[in-house]
Amino acid sequence: MATYQILGAQPVYNPAIPYSAEIMGGCRPGMLITIQGTAPPKMERFIVNFATGQCEGCDVAFHFNPRYDGRDKIVCNTFKSGAWGKEDRKYEMPFKKGKDFKLVFEVTKYTFQVAVDDKFCLDYKHQIDLDRVQWLQIRGDINVRSITVTGGSAAAGGTKQGPYGY
């Protein structure tokens, strides 16, 4: 029998990458997913996916993909019904090779809000119903020290503005 971890019951420390875990209760407005780690000196790219399942080909509500490829950028996208949508690109790279970082995803009623080192990074509008988003996946060139999920009680209804004021 395969076992897997349920994210949200307690922090996860030093997970092996690639990493995949079910989010306890699924994504809900008010939830904060905090990833602390280090960007390796030879980092090329890493991926954080909020997905509807753990299988290859499952829908991905939010694909967050920092890339160091000559024109450093963060690519965001959605994989729905077997196809990728139009890429959103941000050409300001908040991750510094060889440096520690704190990456926070806040789930709001309408968007995923992203902050890096307590500074607003980007907003990504939901394109898949949040109640379908059950899995967190991390892979690529990233060293993760901890993953923590807080907030987002089912009674929390959520707001459009998060604790960082965006």
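**Exercise 1. Determine whether Cys58 is buried or exposed in this predicted model, and identify its bonding partner.**

Solution. Cys58 has a relative accessibility of 15% and therefore counts as buried, since the cut-off for burial is under 20%. The next step is to look for a second sulfur atom. Cys58 forms a disulfide with Cys55, and the two sulfur atoms lie 2.1 Å apart. This separation satisfies the criterion of sulfur atoms within 2.5 Å. A disulfide is a covalent bond between the sulfur atoms of two cysteines. The geometry can then be described: the link of Cys55 and Cys58 is right-handed, with 90° about the S-S bond. Finally, the partner is examined. Cys55 has a relative accessible area of 44%, so this residue is partly exposed.

**Exercise 2. State how many disulfides the whole structure contains, and explain why Cys76 and Cys121 are not bonded to each other.**

Solution. One disulfide is found when the whole structure is searched. For Cys76, the closest cysteine sulfur belongs to Cys121 and is 7.5 Å away, which is too far for a bond. Starting from Cys121 leads back to Cys76, because that residue holds the closest cysteine sulfur, again at 7.5 Å. As to their surroundings, Cys76 is buried at a relative accessible area of 3%, and Cys121 is buried at 4%.

**Exercise 3. Describe the setting of Thr78: its strand, its accessibility and its side-chain polar contact.**

Solution. Thr78 belongs to strand 7, which covers residues 73-80. Its relative accessibility is 2%, so Thr78 counts as buried. The side chain of Thr78 makes a polar contact of 2.7 Å with the side chain of Tyr124. Tyr124 also appears in the list of residues that Thr78 touches, once those up to four places away in sequence are set aside. That list further includes Val60, Ala61, Trp84 and Ile128.

**Exercise 4. Identify which residues touch the most other members of the largest nonpolar core, and which strand gives the most to it.**

Solution. The largest nonpolar core has 41 residues, and those touching the most other members are Phe50, Phe64, Phe95 and Leu103. Strand 10, residues 100-107, gives the most to this core, with four residues. Phe50 may now be followed through its contacts. Apart from neighbours within four places in sequence, Phe50 is in contact with several residues, among them Ile23, Cys27, Phe62, Phe105, Phe112, Trp135 and Leu136. Val60 and Ala61 are also contacts of Phe50, and both residues are touched by Thr78 as well.

How values were computed
Residues numbered from 1 in each chain as written. Predicted model: local features only at pLDDT ≥ 70, side-chain atom pairs only at ≥ 80, totals over all residues. Heavy atoms only, no water. Helix = DSSP H or I, 4+ residues; strand = E, 2+ residues; numbered from the N terminus. Buried < 20%, exposed > 50% of the residue type's maximum accessible area, 1.4 Å probe, protein only. Polar contact = N/O pair within 3.5 Å; in protein donor to acceptor, adjacent residues only side chain to side chain. Contact = heavy atoms within 4.5 Å. Core = buried A, V, L, I, M, F, W, Y, C linked by side-chain atoms within 4.5 Å.
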